[in-house]
Amino acid sequence: MYSFLLFAFSADRSSTLSSLPLGFSLYISTSILMTQESAVLCYHDTHYTPDTIPEAVNISCPFTGHYVTYIVHRSSQSPPGYSKYAIAALCEVEVYGKNSN
């Protein structure tokens, strides 16, 4: 099974909203509790900037699971341009699956 994920962000470049999702991570897991045994990192953003992040990001993930976890982590080591706030400001999330049978 492959998961195809679509995350839609705000396209308002005139505000700080475009810097909120920078550096986000997506995990696929088989349990609501994220443990090393149940979760796997599917995607980690390391290249978008407030000027380049698209309105929608399509991510193909070759892992199976029941839960998708979206994480925005902030620290004093966050790159320039990142919002200092870890806020999930998503407009839309779509998750698709495909059986391998």
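The questions and answers below go through a predicted model of one protein chain.

Reader: How many strands are in the protein chain?
Author: The elements run β-β-β-β-β-β from the N terminus on. Helices number zero in this chain. The count of strands is six.

Reader: Among contacts between residues at least 6 apart in sequence, what percentage join residues at least 24 apart?
Author: The protein chain has 101 residues, and 33% of them count as buried. For contacts, the starting set is the pairs of residues at least 6 apart in sequence. Of these, the part joining residues at least 24 apart is 72%.

Reader: How much of the area that the protein chain exposes do carbon and sulfur atoms supply?
Author: The chain exposes about 6400 Å². The part of this area supplied by carbon and sulfur atoms is 54%.

Reader: Is β2 largely enclosed or not, and how many of its residues are buried?
Author: Strand β2 covers residues 25-29, which gives five residues to consider. Because most of these are buried, β2 is largely enclosed by the rest of the structure. The number of buried residues in β2 is four of the five.

Reader: Which strands do bridges join to β2?
Author: Five bridges join β2 to β3, and the two run antiparallel. One of the residues involved is S29, whose bridge partner in β3 is A39. Five bridges also join β2 to a strand at residues 67-71, again antiparallel, and there L26 has Y70 as its bridge partner. The strands joined to β2 therefore include β3 and β5.

Reader: Is S29 buried or exposed?
Author: S29 is in strand β2. Beyond residues up to four places away in sequence, S29 touches S38, A39, G65, H66 and Y67. Its relative accessibility is 1%, and buried means under 20%, so S29 counts as buried.

Reader: The side chain of S38 has a polar atom 2.9 Å from which backbone oxygen?
Author: S38 sits in the loop between β2 and β3, and because its relative accessibility is 12%, S38 counts as buried. Leaving out residues up to four places away in sequence, S38 touches I28, S29, T30, S31 and L33. The backbone oxygen that lies 2.9 Å from a polar atom of the S38 side chain belongs to L33.

Reader: Which residues does the disulfide join?
Author: The structure holds one disulfide, with an S to S distance of 2.1 Å. The pair links distant parts of the chain, 19 residues apart, with one cysteine in strand β3 (residues 39-44) and the other in strand β4 (residues 56-61). Both cysteines are buried. The residues joined are C42 and C61.

Reader: Which element gives the largest share of the largest nonpolar core?
Author: In soluble globular proteins, nonpolar side chains tend to be buried together. The largest nonpolar core here has 14 residues, and those with the most contacts inside it are F24, L26, C42, Y43, Y48 and I59. Elements giving two or more residues to this core are β2, β3 and β4. The largest share, three residues, comes from β4.

Reader: Which residues is Y43 in contact with, leaving aside neighbours within four places in sequence?
Author: Y43 is among the residues with the most contacts inside the largest nonpolar core. Once neighbours within four places in sequence are set aside, the residues in contact with Y43 are F24, S25, L26, Y48 and I59.

How values were computed. Residues are numbered from 1 along each chain as its sequence is written. This is a predicted model: local features need pLDDT of at least 70, side-chain atom pairs count only at pLDDT 80 or more; totals for chains, interfaces and linings use all residues. Side-chain values use heavy atoms; hydrogens and water are left out. A disulfide is a pair of cysteine sulfur atoms within 2.5 Å. Buried means under 20% relative accessible area, exposed over 50%, partly exposed in between (1.4 Å probe, protein chains only). A nonpolar core is a set of buried Ala, Val, Leu, Ile, Met, Phe, Trp, Tyr and Cys residues joined through side-chain atoms within 4.5 Å. Contact means heavy atoms within 4.5 Å. A polar contact is a pair of N or O atoms within 3.5 Å; within protein, one must be able to donate a hydrogen and the other to accept it, and residues adjacent in sequence count only if both atoms are side-chain atoms. Accessible areas come from the Shrake-Rupley method with a 1.4 Å probe; for residues, only the protein chains shown count as cover. Two strands pair if DSSP finds at least two bridges between them.
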